[in-house]
Amino acid sequence: MLGALRHRNYRLFLYGQIVSTVGTWMQTVALPWLALQLTHNAFLVGLALAAQFLPVLIGSPFAGMIADRYHKRTVLLLTQSLFVGPPLALFVVTATGHAQYWMVIVAAIVTGSINALDVPTRQAFQVELVGKRDLMNAIALNSSVFNASAVVGPSLAGVLIAVVGVQICFLLNAVSYIGAIGALLLMRNLPPIVRHVEQLPLRTRLVQGAAYVRREPLVGMLLLAVAVFSLFAMNRTTLMPLFADDVLHVGARGFGFLLASMGLGSLTGALTLAFFPRFGADPRRQLWMAAIWVAALLEFSVSRVFVISLITLFVAGYCQISFIAAANSRIQAITPDHLRGRVMALYAEALIGVGPAGATQAGALAALWGAPWAMAIGAAIAGAVVLGIRLLTPQVFDQPGQPSQTSSTAATASAGTSQRRART
């Protein structure tokens, strides 16, 4: 049932994620809280988070090319090592009382730049570790770890911020990357890299992924749906501090528990997919998850009772991971192996890269009309777009992800043509 765990390298990969993602989630709580403490401005909190996502939007096409060209473990060793720097610097400036808002922005930009390379490489690496047969199971298990950390990390961070201060969260995040680096170093017998990609011209390598997405409408529409939800319905780190502070009046500890409740829902959803991978291939279930996700966010936006807010966030988290993991699995199952890094770079842009616009618009709306209106408007827009996709392109949520014959043939022909051009 948990077929991905049969693979030793994947188990190591998962162990490394368990350690590092707890630290990542602690910083996810600490960074916007520090920005709020320094500025007391909703828009500037959103701007700080936007700075972390902007490099993913700009750099993902080049990152996808690197992920397809070089050994993914080598790339991940580089990114995980570089990740230590920004939180360590934030720990120093917060512990010494010299933290300023511009320092938060710089740390966010550096982290985002590293993330631009790390995310598509890590996503594409999973299929090399387990193969396509166990891919949905691997994605779900990785999501389970990520969202289990989303329960532990924010809860612990909320308590530590209230008792010690934000600096300890940054220190623990820096230390946590040692686990991921150690796991990568212990991997053995990894598959060889496909070297023919190196022969292709730079421009060809950059546009191949986008050209494939244009030819494959199912992939394109799934990426659009992910991007819209990320833009309008996944701004929790921008809006949650405002809900905790101004709407529900529960402070830093409550902020941590709000994120933890959503993380617990996501964990439950990820474990459901891990034990029942067929759910992730069911497009109709994916559509229902999107609808319930929107409804839960709308209910959260009007709630003024902390317990009800926790429950609605649990439901939203369950539906969010169910929708996103299903999109990830369906896209990877369709995409040809030689294009996976570049297509997953587009996926990273859709999921993370639109963050600057999402965080900025959420922060601006919250500054104008308050966090509840910002949450409700974003959820309504996301729901309307998914409904539009269902009406205009019904096959996206009606049939399992299979590449069209035209798209598959075109992808193969494109690769062959590019290689012939490179030789001549």
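A contact here means heavy atoms within 4.5 Å. Keep that cut-off handy for the exercises below.

The model is predicted, so local features need pLDDT of at least 70 and side-chain atom pairs count only at pLDDT 80 or more, while totals for chains, interfaces and linings use all residues. Residues are numbered from 1 along each chain as its sequence is written, and side-chain values use heavy atoms, with hydrogens and water left out.

**Exercise 1. Find what Met234 touches, and place Met234 in the chain.**

Step 1: skip residues up to four places away in sequence; Met234 then touches Phe229, Trp293, Gln320, Ile324 and Leu351.
Step 2: locate Met234, which sits in the loop between α9 (217-232) and α10. Helices are DSSP runs of H or I with at least four residues, strands are E runs of at least two, and both are numbered from the N terminus.
Step 3: pick one partner. Met234 and Gln320 are 86 residues apart in sequence, yet their C-alpha atoms are 8.7 Å apart in space.

**Exercise 2. Sum up the protein chain as a whole: secondary structure, burial, contacts and surface.**

Step 1: count the elements, and you get 17 helices and zero strands.
Step 2: check burial. Buried means under 20% relative accessible area, exposed means over 50%, and partly exposed is in between (1.4 Å probe, protein chains only). Of the 424 residues, 58% are buried.
Step 3: take the contacts with a separation of 6 or more; 87% of them join residues 24 or more positions apart.
Step 4: look at the surface. The chain exposes about 16600 Å², with carbon and sulfur atoms supplying 68% of that. Accessible areas come from the Shrake-Rupley method with a 1.4 Å probe, and for residues only the protein chains shown count as cover.

**Exercise 3. Describe the backbone and surroundings of His40 and His249.**

Step 1: recall the background. Most residues other than glycine have a negative phi.
Step 2: read off the angles. His40 has a positive phi of about 55°, and His249 also has a positive phi of about 55°.
Step 3: place them. His40 is in the loop between α1 (8-39) and α2 (42-69), and His249 is in the loop between α10 (236-247) and α11 (251-275).
Step 4: check accessibility. His40 is exposed at 64%, and His249 is exposed at 60%.

**Exercise 4. Work out which charged side chains pair up, and what happens at Glu349.**

Step 1: set the criterion. A salt bridge needs a side-chain nitrogen of Lys or Arg within 4 Å of a carboxyl oxygen of Asp or Glu.
Step 2: apply it, and the structure holds one salt bridge. The partners are Asp118 and Arg122, with their closest N and O atoms 2.5 Å apart.
Step 3: look at the spacing. Asp118 and Arg122 are four residues apart in helix α5 (residues 101-130), so about one helical turn separates them.
Step 4: check burial. Asp118 is buried at 1% relative accessibility, and Arg122 is buried at 16%.
Step 5: turn to Glu349 in helix α14 (residues 340-353). Glu349 is buried yet has no salt bridge, and the nearest side chain of opposite charge, Arg214, is 11 Å away. For charge, Lys and Arg count as positive and Asp and Glu as negative, with His and the chain ends not counted.
Step 6: list the contacts. Leaving out residues up to four places away in sequence, Glu349 touches Val56, Leu57, Ser60, Pro61 and Val354.

**Exercise 5. Classify the ring pair of Phe13 and Phe125.**

Step 1: set the rule. Rings of Phe, Tyr and Trp (its six-membered ring) pair if their centres lie within 6.5 Å; planes under 30 degrees apart are stacked, over 60 edge-to-face, and the rest tilted.
Step 2: count the pairs, and there are eight aromatic pairs.
Step 3: classify this one. The centres of Phe13 and Phe125 are 6.1 Å apart and the planes are at 75°, so the pair is edge-to-face.
Step 4: see what it joins. Phe13 is in helix α1 and Phe125 in helix α5, so the pair ties together parts 112 residues apart in sequence.
Step 5: widen the view. Ring pairs link Tyr10, Phe13 and Phe125 into a cluster. Phe13 is buried at 4% relative accessible area, and Phe125 is buried at 1%.
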